[in-house]
Amino acid sequence: MPIRTASTPTSTITARATSISRVLHHNGAEGRLRLGVMGGTFDPIHHGHLVAASEVAAKFGLDEVVFVPTGQPWQKTHKHVSEPEHRYLMTVIATASNPRFTVSRVDVDRPGPTYTIDTLRDLRTQRPDADLFFITGADALAQILSWKDIDELWSLAHFVGVTRPGHVLDGMGRKDVSLLEVPAMAISSTDCRARVAEHNPVWYLVPDGVVQYIAKYGLYAEGSAPRDLPSAETNEPASTE
Ligand SMILES: Nc1ncnc2c1ncn2[C@@H]1O[C@H](COP(=O)(O)OP(=O)(O)OP(=O)(O)O)[C@@H](O)[C@H]1O
Ligand SMILES: O=C(O)c1ccc[n+]([C@@H]2O[C@H](COP(=O)([O-])O)[C@@H](O)[C@H]2O)c1
């Protein structure tokens, strides 16, 4: 894929993000939690995701960022996607050391295709005390007009688009979209999966625990199916009868 340069100069993006951040901090309703929402397929989660969430949290004064692994990402049906439970557990492992990072099962547990409109509605129901900031990379933001119920989506969260190498960051001039330049991490889940399949290392592209998880369950290995997780029944405490 050809590397494209963002049409907006990075200095403009940074300046705009800083001023928007100041406005949002100033206007934030008193006593309301500022909750970042980092949605993704996370197959596997990598340091690009973690840096994006960390940067947005710092710049927008977020109290927490909840990572939301997709259940069935409907725009990735042409690709093989690992079982939601594996992706969920890798996300838990990757975020465990950060006290401001949490993981939600709302999308993994909802049957059917995953739509952000449902993610945000569920989170608003669960967290009525929070203002939501949905975090997307430049590639995902470029596709956002194709998302379900996009006209309503804008009213449920403020959107923060972050830079990603090889993609143009464009906020479409919307007031409900802020743009932020984050340290460039030229990492993708596609590349991580290909590296594992070719027996190349993914150390330092994904957190250490995720490297170990991939090996333990044989994810992304060419020519063999991943090992299943122990079933729920296996995890039941032994009967005392
Ligand atoms: N390196 C990165 N820098 C900034 N944002 C990123 C980066 N990688 C992913 N994102 C963003 O994180 C979110 C979730 O991405 P996703 O889980 O699809 O990862 P991916 O690396 O794009 O996966 P794949 O290669 O399988 O399509 C999206 O909003 C995406 O734009
Ligand atoms: O709502 C939609 O129609 C929609 C379509 C494509 C992607 N999304 C969301 O965008 C986030 C990143 O998705 P993905 O497929 O790039 O991993 C994730 O939270 C998805 O649920 C949402």
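Guide: A nonpolar core is a set of buried Ala, Val, Leu, Ile, Met, Phe, Trp, Tyr and Cys residues joined through C-beta atoms within 7 Å. A residue is buried if 20 or more other C-beta atoms, placed from the backbone, lie within 10 Å of its own; 12 or fewer make it exposed, and in between it is partly exposed. The model is predicted: local features need pLDDT of at least 70 and side-chain atom pairs count only at pLDDT 80 or more, while totals for chains, interfaces and linings use all residues. Residues are numbered from 1 along each chain as its sequence is written, and chains are lettered from A and ligands numbered from 1 in the order in which they are written.

Visitor: Which residues have the most contacts inside the largest nonpolar core?

Guide: They are Val 37, Ala 53, Val 56, Phe 133 and Ile 135, in a core of 48 residues. Helix 2 supplies the largest share of this core, 5 residues. In soluble globular proteins, nonpolar side chains tend to be buried together.

Visitor: Why is Leu 35 called buried?

Guide: Leu 35 has 21 C-beta neighbours inside 10 Å, and the definition asks for 20 or more. Leu 35 therefore counts as buried. This residue belongs to strand 1.

Visitor: What makes strand 1 largely enclosed?

Guide: Of the 8 residues of strand 1, 7 are buried, so the rest of the structure largely encloses this strand.

Visitor: Which residues does Leu 35 contact beyond four places in sequence?

Guide: Contact means C-beta atoms, placed from the backbone, within 7 Å. On that test the partners of Leu 35 include Leu 62, Glu 64, Arg 127 and Phe 133. Glu 64 is 29 residues away along the chain, yet the two C-alpha atoms are 5.2 Å apart. Phe 133 in turn contacts Leu 35, Val 37, Val 56 and His 158, among others.

Visitor: How do you know that strand 1 pairs with strand 4?

Guide: Pairing requires at least two DSSP bridges, and strand 1 and strand 4 have 6, in the parallel sense. They therefore count as paired. One of the bridges joins Arg 34 to Asp 131 in strand 4. Strand 1 also runs parallel to strand 2, again with 6 bridges; Gly 36 is matched there with Val 65.

Visitor: What makes strand 3 and strand 6 edge strands?

Guide: Each pairs on one side only. The open sheet has 6 strands in the order 3-2-1-4-5-6, with parallel pairing. Strands here are DSSP runs of E, at least two residues long, and helices are runs of H or I, at least four, numbered from the N terminus.

Visitor: Which strands does helix 5 lie across?

Guide: Helix 5 lies across strand 1, strand 2 and strand 4, at about 150° to strand 4. Axes are lines fitted to C-alpha atoms, for helices over the stretch in contact, with angles from 0 to 180 degrees between N-to-C directions.

Visitor: How many residues surround ligand 1, and how many surround ligand 2?

Guide: A residue is near a molecule if its C-beta atom, placed from the backbone, lies within 6 Å of it. Ligand 1 has 18 such residues, with Gly 40, Gly 48, Gly 137, Ser 189 and Thr 190 the closest; helix 2 gives the most, 3 residues. Ligand 2 has 15, Gly 39 and Trp 147 being among the closest. Strand 1 and helix 5 are the elements that give two or more residues to the ligand 2 shell.

Terms used. Two residues are in contact if their C-beta atoms, placed from the backbone, lie within 7 Å.
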